[in-house]
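Here is a short report on a single protein chain. Please have the sequence and the model open as you read.

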Amino acid sequence: NNDITVTTTAGSLTVTQNVTAHGAGSVDLRAGGAAADVNIDGATVSSTSGNLQVIAGRSVLTNTATGTATEFSTSGSLLLDAADALGTAANRLETSVGTLAAQVTGAATAGDIFVSEADALTIGTAAGLNGRANLSGITTANNNDITVTTTAGSLTVTQNVTAHGAG
């Protein structure tokens, strides 16, 4: 039931082994700096019922092909926040979470959002951790696209989903 916080202040964070907070424990992963990515490569970041938060100065990515691994798992919420991209078309961020909120805020035109959920999902409000405000819905900046799919179960949208510009 304890929390996990892993932070880099000026560089990328690469996770190649599972990061697990049991019970209601939360996980907060952050990579600071304009060129900093959080890479979840062949691992799962999880909590039984706690909240997950991932913040990157540039992108949150995985090297696993879509359909091969679950990067984030909790019955709680997942907050994703990056300047450039959340996943890619070939390597989507795969989740098994209760609620998702995400944003891409930067000026990069390649900064799309790609998330694939294993079961039912609510796009709603995710709890911010360690001083980060709560985040609601899904938004992109600078003509970026949003692709969220469920492979089984329903998708419920209780907060705005907005692709700014021509996204």
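What follows goes from the whole chain to a few strands and then to single residues.

**The chain as a whole**

This is a predicted model. The chain has 19 strands and zero helices. Its radius of gyration is 14 Å. For 167 residues, a compact globule would come out near 15 Å, so the chain agrees with that expectation. Along the principal axes, the C-alpha atoms fill a box of roughly 45 × 40 × 30 Å.

Of the 167 residues, 47% count as buried. Among contacts with a separation of 6 or more, 58% join residues 24 or more positions apart. The accessible surface comes to about 6700 Å². Carbon and sulfur atoms account for 48% of that surface.

Charge is next. The chain carries 12 negative side chains and 4 positive ones. The centres of these two sets lie 6 Å apart.

**Strand β4 and its partners**

Strand β4 spans residues 27-31. Four of its five residues are buried, so the strand is mostly covered. Which strands pair with β4 in the parallel sense? One is β1, residues 4-8, joined to β4 by five bridges. Another is β7, residues 52-56, which also runs parallel to β4 and pairs with it over five bridges.

Individual residues show the register. On the β1 side, V6 stands opposite L29 of β4. On the β7 side, D28 has Q53 as its bridge partner.

**Four residues compared**

The table lists where four residues sit and how accessible they are.

| Residue | Place | Relative accessibility | Class |
|---|---|---|---|
| S116 | strand β12 (residues 113-117) | 6% | buried |
| N130 | loop between β14 (125-126) and β15 (135-136) | 53% | exposed |
| L135 | strand β15 | 9% | buried |
| G137 | loop between β15 and β16 (138-140) | 0% | buried |

Why does S116 count as buried? Its relative accessibility is 6%, and the cut-off for buried is under 20%. Leaving out residues up to four places away in sequence, S116 touches R92, L93, E94 and T95. It also touches T149 and T151.

N130 is on the other side of the scale. At 53% relative accessibility it counts as exposed, because the class begins over 50%. N130 also has a positive phi of about 50 degrees, although it is not a glycine. Its place is the loop that leads from β14 to β15.

L135 lies in strand β15. Its relative accessible area is 9%, so it is buried. Beyond its neighbours within four places in sequence, L135 is in contact with L79 and L80. Its other contacts are A101, A102, Q103, G124, T125 and A126. Take the L79 contact. L135 and L79 are 56 residues apart in sequence, yet their C-alpha atoms are 6.9 Å apart in space.

G137 sits in the loop between β15 and β16. Is this glycine buried or exposed? At 0% relative accessibility, G137 counts as buried. Apart from neighbours within four places, it is in contact with A101, A102, I123, G124, Q159 and N160. A101, A102 and G124 are also on the contact list of L135. G111 is another matter. G137 and G111 are 26 residues apart along the chain, and their C-alpha atoms are separated by 17 Å.

Note on methods: Residues are numbered from 1 along each chain as its sequence is written. This is a predicted model: local features need pLDDT of at least 70, side-chain atom pairs count only at pLDDT 80 or more; totals for chains, interfaces and linings use all residues. Side-chain values use heavy atoms; hydrogens and water are left out. Helices (H or I, at least four residues) and strands (E, at least two) are DSSP runs, numbered from the N terminus. The radius of gyration is taken over C-alpha atoms; the globule rule is 2.2 Å times the number of residues to the power 0.38. Buried means under 20% relative accessible area, exposed over 50%, partly exposed in between (1.4 Å probe, protein chains only). Contact means heavy atoms within 4.5 Å. Accessible areas come from the Shrake-Rupley method with a 1.4 Å probe; for residues, only the protein chains shown count as cover. Lys and Arg count as positive and Asp and Glu as negative; His and the chain ends are not counted. The place of a charge is taken as NZ of Lys, CZ of Arg, CG of Asp or CD of Glu. Two strands pair if DSSP finds at least two bridges between them.
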